[in-house]
Structure formats: C-alpha cells, structure tokens
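Thank you all for making the time this morning. I would like to walk you through one chain, going from the overall picture to a handful of individual residues.

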Amino acid sequence: MSKKIGFIGCGKMGEAMLAGMLRSGIVSPEMVMVSTASVATLTKITSKYAVKACLDNKEVAGFADMLFLAIQPALHEQVLSEVKDYVKEDVVIITMAAGITTSQIEEGLGKPVKVARTMPNTPSLVGEGMTVISMNDEITAADILDVTTLLNSFGKTELIQEHQMDAVPAISGSSPAYVYMFIEALADGGVRDGIPRTQAYRLAAQAVLGAAKMVLETEKHPGALKDDVCTPGGSTIAAVATLEENRFRASILEAMKACTDKTKGIN
C-alpha cells in the first residue's frame with residue numbers, strides 16, 4: 001500500500017493494529033508515523049517497529065493519508081481541535097473508540113471529512129482480530145477498499161450500519177475479556193482435578209480455538225455443534241444442564257447489556 005499511515009496514540013489497541021499491519025507486510029515502517037504522549041512510549045515504539053515517531057500530533061496529522069485515532073474517547077475533542085488545521089484534504093480518519101460517532105469527528109474537525117468508525121479487538125496482535133466498520137457518506141468505494149485492506153491484514157472485518165455500532169463492543173470488542181475468564185475457569189477446574197496449570201491453560205485455550213473454528217468453518221448452528229458433543233445420558237449433557245441451571249447464557253446476555261449500556265452512556 002502506497003498510502004501514508006498515521007497513528008495518534010499507540011496504546012495496547014493501537015500497537016496491536018500497528019504490529020499486525022507491519023507483520024503482514026501490507027505497509028512498510030517508513031510509511032508509518034506515530035505520535036505518543038511520552039518519550040518512553042516513543043522510544044519503545046521506534047525501537048520495536050522502526051517507524052517514524054514524534055510527540056506532536058499535528059506532525060502526524062500533516063503526514064498521514066489514513067489517520068488512526070488510537071486514543072481514549074475523552075481525548076477526541078481536544079485532539080481534533082489540535083489537528084484540524086493540519087489534516088490533509090483527502091485524509092481518511094479512522095476512529096476506534098467506543099461511542100465516538102462519525103458526526104462527532106466531522107464536528108471536531110469543523111468540516112466534512114472521510115470517517116471510518118471501527119471497533120477492533122486485541123487478538124489483532126496475533127493476526128486474529130475482528131474489526132467492525134461503519135463509514136460516513138464522504139467515504140468512496142476506493143476508500144472502503146483501502147480501509148478494509150489495512151484492517152484485514154491482522155484479522156477479519158465486517159461492515160455494518162453506524163446505528164448498530166454501539167452493540168459491537170459487547171459482542172466482539174470487549175468479548176475477548178469474557179473468553180479469557182472462561183479459559184481461566186476451565187483451567188482452574190483442570191488444576192482442581194489434578195492437571196498441571198500450564199497444561200490446563202493449553203487444553204482450555206485450544207478447545208476454545210477449535211470450537212470457534214468449527215463455528216466459522218462448518219457454518220453449522222452453534223446449538224447443533226453443541227448437540228454433536230452431547231451423548232444421551234453422558235457427562236457433557238450433565239455439564240450443559242448444570243450451566244443452564246446456573247444461568248450461563250443469561251449471565252452472558254446480562255453482561256453484554258451492561259457493556260452496551262456503558263457504551264451508550266446509559267450508566
């Protein structure tokens with residue numbers, strides 16, 4: 001890709017995306033510039049990835065053809081005000097913060113601008129990210145191709161309507177945290193029953209990975225795949241029944257609602 005890529009901010013999510021892009025070879029280090037809030041982070045990023053870096057958001061804004069805002073939601077107003085006179089005419093702004101709309105980006109920059117609103121997740125770091133994207137009306141078909149090419153370099157993408165975006169953190173943005181808790185619980189159960197901790201984590205994580213691949217590759221309903229594991233009167237159906245008695249699925253749905261409510265600013 002010949003486009004220059006800028007990152008304002010480079011925390012865990014921003015670094016995961018940057019690492020994925022560079023690892024895939026879709027962009028080269030000399031085509032990337034990152035601004036950081038501290039010299040320590042700047043030093044870490046430049047030594048690790050050999051990209052350009054600075055402490056000035058305006059410099060990155062003037063450099064980038066595609067500008068990632070890898071910052072917390074509360075910082076958007078300040079940063080947009082700071083860089084609005086420096087962004088390129090045809091720049092594509094890519095935001096990844098929950099609850100920040102494309103119209104807020106345009107308002108912050110004081111003019112119509114191309115905006116892609118995204119919700120990535122941290123498995124991007126290992127090339128298995130899930131990034132959901134919505135676009136504003138300024139985005140062209142060529143821009144969509146550029147954005148999805150970049151984001152597909154470290155996982156998968158899905159395009160949706162912007163009014164659906166507030167539901168995304170609960171299902172794919174934040175959900176790796178729930179899955180890690182599930183893996184930890186499975187491993188704890190294995191340790192309780194005599195399996196060494198390191199092996200227990202491997203067994204649990206591989207089972208989750210394999211189950212996810214079964215859903216994606218067979219395209220069978222998850223309920224049907226669950227039924228395939230449950231023999232009549234067997235140990236699996238006994239475990240499933242216990243999960244149902246303890247509101248396993250209901251608890252997940254309630255957790256997702258809490259996540260969505262927080263994203264919408266209800267809590």
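I will begin with how the model should be read, then describe the chain as a whole, and then turn to single positions.

What you see is a predicted model, in which local features need a pLDDT of at least 70 and side-chain atom pairs count only at pLDDT 80 or more, while totals for chains, interfaces and linings use all residues. Residues are numbered from 1 along each chain as its sequence is written, and side-chain values use heavy atoms, with hydrogens and water left out.

Let me start with the whole chain. Its secondary structure comes to 12 helices and 8 strands, where helices (H or I, at least four residues) and strands (E, at least two) are DSSP runs numbered from the N terminus. Taken along the principal axes, the C-alpha atoms fill a box of roughly 70 × 40 × 35 Å. Of the 267 residues, 40% are buried; here buried means under 20% relative accessible area, exposed means over 50%, and partly exposed is in between, with a 1.4 Å probe and protein chains only. The accessible surface comes to about 14600 Å², and 58% of that surface belongs to carbon and sulfur atoms, the areas being from the Shrake-Rupley method with a 1.4 Å probe, and with only the protein chains shown counting as cover for residues.

Among contacts between residues at least 6 apart in sequence, 63% join residues at least 24 apart, a contact being heavy atoms within 4.5 Å. As for charge, the chain has 25 positive and 31 negative side chains, and the centres of the two sets lie 5 Å apart. In that count Lys and Arg are positive and Asp and Glu negative, with His and the chain ends not counted, and each charge is placed at NZ of Lys, CZ of Arg, CG of Asp or CD of Glu.

Now to single residues, beginning with E15, which is found in helix α1, residues 12–24. Is E15 buried or exposed? E15 counts as buried because its relative accessibility is 10%. The side chain of E15 makes a polar contact of 2.7 Å with the side chain of Y49; a polar contact is a pair of N or O atoms within 3.5 Å, and within protein one must be able to donate a hydrogen and the other to accept it, while residues adjacent in sequence count only if both atoms are side-chain atoms. Leaving aside neighbours within four places in sequence, E15 is in contact with C10, K44, I45, K48 and Y49.

The loop between α2 (39–49) and β3 (52–54) holds A50, whose phi is near 60°, a positive value in a residue other than glycine. A50 has 56% relative accessibility and therefore counts as exposed. R247, in the loop between α11 (235–245) and α12 (248–263), likewise has a phi near 60°, but at 41% relative accessibility R247 counts as partly exposed.

Next comes K114, which lies in strand β6. With a relative accessible area of 12%, K114 is buried, and a polar contact of 2.8 Å joins its side chain to that of D90. Beyond neighbours within four places in sequence, the residues in contact with K114 include V92, N136, E138 and D143.

That last residue, D143, is also one of the buried residues of α6, the others being D146, V147, T148, L150 and L151. Helix α6 (residues 141–152) has 12 residues, so at 1.5 Å a residue it should span 16 Å, and its end C-alpha atoms are indeed 16 Å apart; the expected span is 1.5 Å times one less than the number of residues.

I will finish with two glycines. G127, in the loop between β6 (114–119) and β7 (129–135), counts as partly exposed at 26% relative accessibility. Which residues does G127 touch, not counting those up to four places away in sequence? They are R23, F154 and G155, and G127 and G20, 107 residues apart in sequence, are 6.1 Å apart in space, C-alpha to C-alpha. G108 has its place in helix α5, residues 102–109, and is partly exposed at 22% relative accessibility; outside its neighbours within four places in sequence, G108 is in contact with L80, S81 and K84.
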